[in-house]
Amino acid sequence: MPIDAKTNLLLPPTTGQARAKAKFSWTSDHGILRILGIVGIVFVFALPLINSGNYTIQLGTQALIYILLALGLNVVVGYAGLLDLGYVAFFAVGAYTSGILTTRLGWPMWATIPAVILMCVIAGIVIGGPTLRLRSDYLAIVTLGFGEIIRIVAQNWEPVTGGPSGIFGIPSWSFGGFTLNKIQLYYFCAVVVLLLGCFGIPRLAKGKLGRAWKAVRDDEDAAEAMGINTYTTKITAYIIGAVWAGLAGQLQASFISVVTPSSFVFLQSALVLMAVVIGGMGSVPGVILGAIIITLGPELLRDVWENRYLAFGILLLVVMLARPKGLWPSTSVLPWSRDKRDHDAKVETPAKSHDYDPQEEVPS
Amino acid sequence: MTQVILNGLFVGSFYALIALGYSMVYGIIKLLNFAHGDIFMFGAYIGMTCLVAIPGIGSLGIGALAVILLVSIVLTGTTGVLIEALAYRPLRTAPRLSVLITAVGMSFFLEYGVRQIWGPDPQPWPSNGRLSDFLSTTDATGAKQQLSVPIFDGALTYSQLVILAFAVVLMAALALYIGKTREGRAMRAIALDQRAASLMGVNVNATISRVFFIGSAMAGVAGVMHGAYYSSITFLMGFLLGLKAFTAAVIGGIGNLYGAMLGGLTLGLLESIGTTLLGGEWKDVFAFVFLILFLTVKPTGILGERVVERM
């Protein structure tokens, strides 16, 4: 599809309401999406029963953590339109905060959750605060710089972060006398958080705040004229994304029980961004698809081709040029279904406000 | 202290050369070209390959450097033009985010493409192209001694001086080109208003290609000089240096050529001072923290003007 500014067109609200009232059918696009969603959930729960080998479960948990990260970045990039190139920094903040508090101060894992949230909020305000008022490219480069700062600090601040060898022996989750120690339990833990995200984030996007995000993304000046405080709106998205990544980091830290600076390089941020972009910015099923591609892709390619990141670079370019809205765009219900907004594409002036987005209407 | 300042100016001249390309491209199409730092790296690899592959290049002495500079300018410039034509031009009216992400993809492609061809290990710069070897004398014990010029209580080696001079000459030439020639005027016109410029008969595509050629060629020059001076290159070296160069461009005021030079030198000085105060491992942190602080105080940069955001 040719790209032009008009593809940002949004459906007039009336069409959305009409669609919601239409009779539900399992063979319609929305029906198929619902079936896919159910199959996905059943598969995720059934995977440990089909194959409970350590490799499968570990890979599964890794994929789940990537999906979590991608869902969080989707709020920042997909909904609010803020390009964050150092997203993994918040992941690192979460992982290090929980790692340091549990190993050095002996806190139980669950008790570090408020600390993780607090640290991520602080980090989000420190980075977002000054830069969100500026042009969006500045945010991109500052977040990239911030990612590097966090990594270098983790690497050099030996007394606290353990330097290049990191923190090891991070304990598991324990509630009273009950400790999660089996690898499968982590997997289910990740599944639960993921389901929370899958159902919660689209709800969030559908509410007043979510609509404000999209308005700011589509046209900041128009949004401001409509009475939206663009700065607060952007920083809220940024902080929600940061906290989400921090919690994913905590899950990761307790899952592999080690945090090292080398897991938080720019490549990781780029991979998560790639998941969001390849899948489709602002589209929850798309982002999940993208995250699965980036986790399983390198695993499948591992034996075949050493230099898999070259393939990723090419993939990113091809997707951007051929399918700029991603494999599963937020504007169509299924990857192959017709773009819902095509019939509006002839309108000259873009309509900016909307409260309907097809992908929010059905659970994913 | 003089030495710290001199070192800072020297490193800053690298940043300035790369920042110029960033700033030019940003000024004209408001695109943050993430692949720019990797073009710098690509330039260094081209230079290295030429030193190895061209027969008899060693007999040219320091002329060999001139030859590889020329080859590198042509090839990196062409690469820049190709990148623009293939990846950025089709997306010129697309949302900014798509173009930015395409640029990130291009950066990946260049980095790992180079890794695929030349391998993942750092490559030693061939000994027939090391700047310090040309500009040194052999003392009585047979050890090579770098020639240097004392400046107050510090000193610059000849090779540092050559690179500094080269950077200054290139920047002056570029400033003249942009300020005084017909093509330069076309560039400034497009930067102000692309549509109006095209209505006035400016060939927009050709001018943007020219900007990419010049910007990339300067990055290529910086790459060759980096290799010739530091004697080792890696496929990821463009990432951090590109990041720093962008920082420099922002500090100076992005879109402004003098700003890019000033920002580059400022950043070099800051880093040099930061290294002395805090130690080498913190110098990157110092640079980025400074960037964040600077943006809160003066978001337009030292010489920049407020630019309206394109959607």
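Is Pro159(A) buried or exposed? With 6 C-beta neighbours inside 10 Å, Pro159(A) counts as exposed. I begin with this residue as a way into chain A. Please keep in mind throughout that we are looking at a predicted model.

Pro159(A) sits in helix α7 of chain A, which covers residues 158-161. Its partner for a distance comparison is Leu327(A), 168 residues away in sequence. From C-alpha to C-alpha, Pro159(A) and Leu327(A) are 45 Å apart.

Let me turn to chain A as a whole. Its secondary structure consists of 14 helices and four strands. The chain has 364 residues, and 47% of them count as buried. Considering the contacts in chain A with a separation of 6 or more, 79% are between residues 24 or more positions apart.

One helix pair in chain A deserves a description. Helix α9, residues 208-218, packs against helix α11, residues 230-256, with the axes 10 Å apart and an angle of about 110 degrees. How are the two helices oriented to each other? Angles of 65 to 115 degrees count as roughly perpendicular, and α9(A) and α11(A) are therefore roughly perpendicular to each other. On the α9(A) side, the contact is made by Leu209(A), Ala212(A), Trp213(A) and Val216(A). On the α11(A) side, Thr230(A), Thr233(A), Lys234(A), Thr236(A) and Ala237(A) take part. By type, the residues of this contact comprise five nonpolar, three polar and one charged.

I move now to the meeting of the two chains. Here 37 residues of chain A are in contact with 38 residues of chain B. Which elements of chain A give two or more residues to the side that touches chain B? They are α5 (112-131), α6 (136-156), α12 (266-279) and α14 (308-322). The largest share comes from α6(A), with 13 residues. As to character, the side of chain A that touches chain B has 25 nonpolar residues, seven polar and five charged.

The next topic is the nonpolar core. The largest one has 198 residues. Those touching the most other members are Ala70(A), Val272(A) and Ala275(A), together with Ala16(B) and Ile18(B). The element that gives the most to this core is α1(B), with 16 residues.

What does Ile18(B) touch, leaving aside residues up to four places away in sequence? The list includes His36(B), Gly37(B) and Phe40(B). Further along the chain, Ile18(B) also touches Ala219(B), Ala222(B), Leu241(B), Gly242(B) and Ala245(B).

A second residue of chain B to examine is Ala44(B), found in helix α2. Ala44(B) counts as buried, because it has 32 C-beta neighbours inside 10 Å, where 20 or more suffice. Not counting residues up to four places away in sequence, Ala44(B) touches Gly223(B), Val224(B), His226(B), Gly227(B) and Ile233(B). Met200(B), by contrast, is 156 residues from Ala44(B) along the chain, and the C-alpha atoms of the two are separated by 39 Å.

Chain B also offers a hairpin. Strand β4, residues 148-151, and strand β5, residues 154-157, run antiparallel and are joined by four bridges. Within the pair, Ser148(B) stands opposite Thr157(B), and Val149(B) stands opposite Leu156(B). Two residues lie between the strands, and Phe152(B) in the turn has a positive phi of about 50 degrees.

Where else in chain B do we find a positive phi in a residue that is not a glycine? One case is Lys30(B), with a phi of about 55 degrees. Lys30(B) lies in the loop between α1 (2-29) and α2 (36-53). Because it has 19 C-beta neighbours inside 10 Å, Lys30(B) counts as partly exposed; the threshold for a buried residue is 20 or more.

Another case is Ser231(B), whose phi is near 65 degrees. Ser231(B) belongs to the loop between α9 (204-230) and β6 (232-233) of chain B. With 17 C-beta neighbours inside 10 Å, Ser231(B) also counts as partly exposed.

To close, I return to two points about this predicted model. Chain A brings 37 residues into contact with 38 of chain B, and α6(A) supplies the largest share of the chain A side. In the largest nonpolar core, residues of both chains, including Val272(A) and Ile18(B), are among those that touch the most other members.

Methods: Residues are numbered from 1 along each chain as its sequence is written. Chains are lettered from A and ligands numbered from 1 in the order in which they are written. This is a predicted model: local features need pLDDT of at least 70, side-chain atom pairs count only at pLDDT 80 or more; totals for chains, interfaces and linings use all residues. A residue is buried if 20 or more other C-beta atoms lie within 10 Å of its own, exposed if 12 or fewer, and partly exposed in between; C-beta atoms are placed from the backbone. Two strands pair if DSSP finds at least two bridges between them. Two residues are in contact if their C-beta atoms, placed from the backbone, lie within 7 Å. Ala, Val, Leu, Ile, Met, Phe, Trp, Tyr, Cys and Pro count as nonpolar, Asp, Glu, Lys and Arg as charged, and the others, Gly among them, as polar. A nonpolar core is a set of buried Ala, Val, Leu, Ile, Met, Phe, Trp, Tyr and Cys residues joined through C-beta atoms within 7 Å. Axes are lines fitted to C-alpha atoms, for helices over the stretch in contact, and angles run from 0 to 180 degrees between N-to-C directions. Angles under 35 degrees count as roughly parallel, over 145 as roughly antiparallel, 65 to 115 as roughly perpendicular and the rest as oblique.
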